[in-house]
Every structure is written in C-alpha cells, then in structure tokens.
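Good morning, and thank you for the time. I would like to present one structure today, and I ask you to keep it in view while I speak.

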Amino acid sequence: MNRRILLTNRLSSQKLANGITKRRTLRLLPSQRSSRFVRARRSGLVRKTGRNTNRELVGKIRAGIKRLREEMAEISEEQKCIREGQRQVREKFEKIEAEREQLWKETEIISKQNAGIQLRLGLMSGIVKARAQNDYDLAAQLTQSLRDLMAEQNVEMR
C-alpha cells in the first residue's frame, strides 16, 4: 500500500505555452512500475533511516521526560522538607511566644508585688518614726493602714 501511495504521489511536469510549469500526479499501470518501483524502494530505505532518527528522537524525548520526572520527584521531596522545617519553626515560634507571654505576666505580678512591698516599707518606716517622736495617734493610723493593705494583698493572692 505504501508503494502505491509513493507512486501516485510522484509528480510530473508539463510545460504550457506561456512558460508556466503545471504539475500533476502520475498514475502508473502495473506494467510501467518496474523501473520506478526500484526508485520507490530506494526512497523507502531513506524513510527507514528517517524512522530510525524518529526512534532516536522518541528515545531522547522519553529520556528527557524520565529526567524531568526524577527532577520533579526531587523537588517534591525538597518541598516536603521545607514544609516540615516551616512547621517546626512555627511550633518553636509559638512556644517562644507562649513563654514570652508567661514571662510578661510574671513580670507584671512581680512589679505589683514590688509596689506592695514599697508601700509596706513606707508605712513601717512611718510607724517607726512616729513611735520615735512619741506620736502614737499617727503610729496607730499607719498601723491600721498597714493591716488593711495586708488584708487586700492576701485577698488578691487567693
């Protein structure tokens, strides 16, 4: 069948009167095919070598596709590692953030305790000075203020 296609696709030229060449397809009878059949077979050999190059191209394309798939698999693995690293960093960041907030709360508590201690020390020093100056009314007022302050702090701690 390929031979028939080859033979029917051959073109012949006809020169017209005005110098223009007209081409038309030749249709050969079986008796006329003998010499051209040899040429058709030779052209078939040429096509076979073309097929080999096509096979080589297909092989190269397949190899390229295989290489690309391998590269895509490597990239996928790298992306998984990156995602895992990002997850670990996020977890560490969240832990650090929780610790920071805890430290902030503890610092605030310590600062409030420090302010309470400063008030108590001020009241105690006032009591000592009032007693040294024999001002017992002021000493009694300061002592009552100290008791009230201690009661408030005890309620806050619970």
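**Salt bridges, a helix face and a core**

I begin with a single pair of side chains: Lys112 and Glu108 form a salt bridge, and their closest N and O atoms are 3.9 Å apart. Please bear in mind from the outset that this is a predicted model. Both Lys112 and Glu108 belong to helix H2, where four residues, about one turn of the helix, lie between one position and the other. Lys112 counts as exposed, because its relative accessibility is 57% and the cut-off for that class is over 50%. Its partner Glu108, at a relative accessible area of 33%, is partly exposed.

How many salt bridges does a search of the whole structure find? The search finds six. Let me describe two others.

Arg67 and Glu71 form one of them, with a distance of 3.5 Å from N to O. These two residues are also in helix H2, four residues apart, again about one turn of the helix. Arg67 has a relative accessibility of 46% and counts as partly exposed. Glu71 is partly exposed as well, with a relative accessible area of 35%.

In the next pair, Glu84 meets Arg87, and the closest N and O atoms are 2.2 Å apart. Because Glu84 and Arg87 are three residues apart in helix H2, about one helical turn separates them. Glu84 is partly exposed at 34% relative accessibility, and Arg87 is partly exposed at 33%. This pair does not stand by itself: Glu84, Arg87 and Glu91 are linked in a network of salt bridges.

I now step back to the overall arrangement. The secondary structure of the protein consists of three helices and two strands. Read from the N terminus, the order of these elements is α-β-β-α-α. The protein has 158 residues, and buried residues make up 11% of them. Among the contacts with a separation of 6 or more, 33% are between residues 24 or more positions apart.

Let us turn to helix H3, which covers residues 136-157. Does its span agree or disagree with the length expected of its residues? At 1.5 Å a residue, the 22 residues of H3 should span 32 Å, and the C-alpha atoms at its ends are 31 Å apart, so the two agree. Viewed down the axis of H3, the buried residues fall within an arc of 125 degrees and therefore line one face of the helix. Those buried residues are Ala139, Leu142, Thr143, Leu146, Leu149 and Gln153. On the other side of H3, the exposed residues are Asp137, Gln141, Arg147 and Val155.

Two residues on the buried face deserve a closer look. Thr143, which lies in helix H3, has a relative accessible area of 16% and is buried, because the class is set at under 20%. Beyond residues up to four places away in sequence, Thr143 touches Ile127 and Arg131. Leu142, with its neighbours within four places set aside, is in contact with Leu123, Gly126 and Ile127.

Which residues make up the largest nonpolar core? It has five residues in all: Leu123, Ile127, Leu142, Leu146 and Leu149. Helix H2, residues 33-132, and helix H3 each supply at least two residues of this core. H3 provides the largest share, with three residues. Leu142 thus returns here as a member of the core, and its contacts include Leu123 and Ile127, as I mentioned.

Finally, a word on confidence. The mean pLDDT of the protein is 79, and 67% of its residues reach 70 or more. Where is confidence lowest, and where is it highest? It is lowest in helix H1, residues 2-9, with a mean of 46, and highest in H3, with a mean of 89. Over residues 1-13 the pLDDT stays under 50, and for this stretch the model has 30 contacts beyond four places in sequence.

To close, I would ask you to keep two items in mind: the salt-bridge network of Glu84, Arg87 and Glu91, and the nonpolar core to which H2 and H3 each supply at least two residues. Thank you for your attention.

Methods. Residues numbered from 1 in each chain as written. Predicted model: local features only at pLDDT ≥ 70, side-chain atom pairs only at ≥ 80, totals over all residues. Heavy atoms only, no water. Expected span 1.5 Å × (residues − 1). Buried < 20%, exposed > 50% of the residue type's maximum accessible area, 1.4 Å probe, protein only. Arc of directions from axis to C-beta. Contact = heavy atoms within 4.5 Å. Core = buried A, V, L, I, M, F, W, Y, C linked by side-chain atoms within 4.5 Å. pLDDT = per-residue confidence, 0-100. Salt bridge = Lys/Arg side-chain N within 4 Å of Asp/Glu carboxyl O.
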